[in-house]
Amino acid sequence: MRSPIRHSKAWIEREALREKGQFWTPEWIAEAMVAYLAAGGHQTLFDPAVGAGAFFRAAKTLGREIGKDFALSGTEIDKAALSEAIESGLSHEDLLHVRIGDFLLESSPGTIEAVVANPPYIRHHRLSNGLKGKLREFCFKSIDTTLDGRAGLHVYFLIAGLRSLSSGGRLAFISTGRYCGGRVCPETLEMDIHQL
Ligand SMILES: C[S@@+](CC[C@H](N)C(=O)[O-])C[C@H]1O[C@@H](n2cnc3c(N)ncnc32)[C@H](O)[C@@H]1O
């Protein structure tokens, strides 16, 4: 009889993070992305998936350097991630306008001027059937079509992020090369994004 596979503690912890799409953006990348938004003249910053707050910290650092006080807001589905944000130097006041909730299912179109995101990269086989159904509905509502069922959560985040921008808004988004050449998107997604 084969003995059951035993995983290391590190492997189990990493799997738990994968389930939630929780990987934090390195400081230098966060700062470059926030600088891109600031270069567009924006003084507000919305992070749809705040996590441990890398973009908020970057906005505060950059703000001090250029004498700008960014108005910070966002959403985060996992309240526990925000405790990490506090542990890594943000104050409760910095997080005052972060809503605990699901950005995808609760975002409104055309309302935000500057979006910065490192979306949760959660692959389709980790998404429940219930959530997949809601994502299909969201997609249909947003771009009048649905995506290939193999699209990961981050693809829906890109659509929701673009859709939430107000006129003249800017989006800084960590993406993958698969948006351009993968099985899921190619022409369909490109076409649909132009419609947003
Ligand atoms: C890749 S992390 C990025 C966190 C942080 N913004 C950074 O750049 O370091 C993605 C975050 O999205 C959160 N998340 C996952 N699904 C979400 C959803 N539907 N709505 C809002 N946040 C979500 C996860 O809990 C995680 O903290």
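Me: Is Asp144 buried or exposed?
Reply: Asp144 is exposed, because just 9 other C-beta atoms lie within 10 Å. The cut-off for exposed is 12 or fewer. Keep in mind that this is a predicted model.

Me: Where does Asp144 lie?
Reply: Asp144 sits in the loop between helix 6 and helix 7.

Me: What about its phi angle?
Reply: The phi of Asp144 is positive, about 60°. Asp144 is not a glycine, though.

Me: OK, the two helices then. How do the axes of helix 6 and helix 7 cross?
Reply: They cross at roughly 35° and come within 11 Å. Helix 6 covers residues 129-143, and helix 7 covers residues 153-164. The crossing is left-handed.

Me: Why give both an angle and a distance?
Reply: Two packed helices are described by the angle between their axes and the distance between the axes.

Me: Which residues make the contact?
Reply: Helix 6 brings Leu135, Phe138, Cys139, Ser142 and Ile143. Helix 7 brings Tyr156, Ile159 and Arg163.

Me: How many of those are nonpolar?
Reply: The contact of helix 6 with helix 7 has 6 nonpolar residues, 1 polar and 1 charged.

Me: New topic. How many helices and strands are there in the chain?
Reply: The chain has 9 helices and 5 strands. From the N terminus, the order is α-α-β-α-β-α-β-α-β-α-α-β-α-α.

Me: What share of the residues is buried?
Reply: Buried residues make up 32% of the 196 in the chain.

Me: And the contacts, how many link residues 24 or more positions apart?
Reply: Such pairs account for 79% of the contacts in the chain with a separation of 6 or more.

Me: Let's do strands. Why is strand 4 largely enclosed?
Reply: Strand 4 runs over residues 112-117, and 5 of its 6 residues are buried, so the rest of the structure largely encloses it.

Me: How does strand 4 pair with strand 5?
Reply: The two pair in the parallel sense, over 5 bridges. Strand 5 is residues 165-173. One bridge joins Val116 to Ala172 of strand 5.

Me: What about strand 1 and strand 2, in which sense do they pair?
Reply: Strand 1, residues 44-47, pairs with strand 2 in the parallel sense over 4 bridges. Thr44 has Ala71 of strand 2 as its bridge partner.

Me: Which residues of strand 2 are on the covered face?
Reply: Leu72, Gly74 and Glu76 are on the covered face. Ala71, Ser73 and Thr75 are on the uncovered one.

Me: Why every second residue?
Reply: In a regular strand, side chains alternate between the two faces of the sheet.

Me: Now the ligand. Which residues come nearest?
Reply: Thr25, Ala49, Gly51, Ala54 and Asn118 come nearest, out of 24 residues around the ligand. Helix 3 (54-66), strand 2 (71-76) and helix 5 (103-106) each give two or more residues to that shell.

Me: How many residues of the shell are charged?
Reply: The shell has 5 charged residues, along with 13 nonpolar and 6 polar.

Me: Last ones. Where is Glu87, and how far is it from Ala52?
Reply: Glu87 belongs to helix 4, residues 79-87. Glu87 and Ala52 are 35 residues apart in sequence, and their C-alpha atoms are 8.5 Å apart in space. Glu87 counts as exposed, because it has 10 C-beta neighbours inside 10 Å.

Me: And Arg126, where is that found?
Reply: Arg126 is in the loop between strand 4 and helix 6. With 14 C-beta neighbours inside 10 Å, Arg126 counts as partly exposed.

Key
Residues are numbered from 1 along each chain as its sequence is written. This is a predicted model: local features need pLDDT of at least 70, side-chain atom pairs count only at pLDDT 80 or more; totals for chains, interfaces and linings use all residues. A residue is near a molecule or strand if its C-beta atom, placed from the backbone, lies within 6 Å of it. Ala, Val, Leu, Ile, Met, Phe, Trp, Tyr, Cys and Pro count as nonpolar, Asp, Glu, Lys and Arg as charged, and the others, Gly among them, as polar. Axes are lines fitted to C-alpha atoms, for helices over the stretch in contact, and angles run from 0 to 180 degrees between N-to-C directions. A crossing is left-handed if the near helix is turned anticlockwise from the far one by less than a right angle, and right-handed if clockwise. Two residues are in contact if their C-beta atoms, placed from the backbone, lie within 7 Å. A residue is buried if 20 or more other C-beta atoms lie within 10 Å of its own, exposed if 12 or fewer, and partly exposed in between; C-beta atoms are placed from the backbone. Two strands pair if DSSP finds at least two bridges between them.
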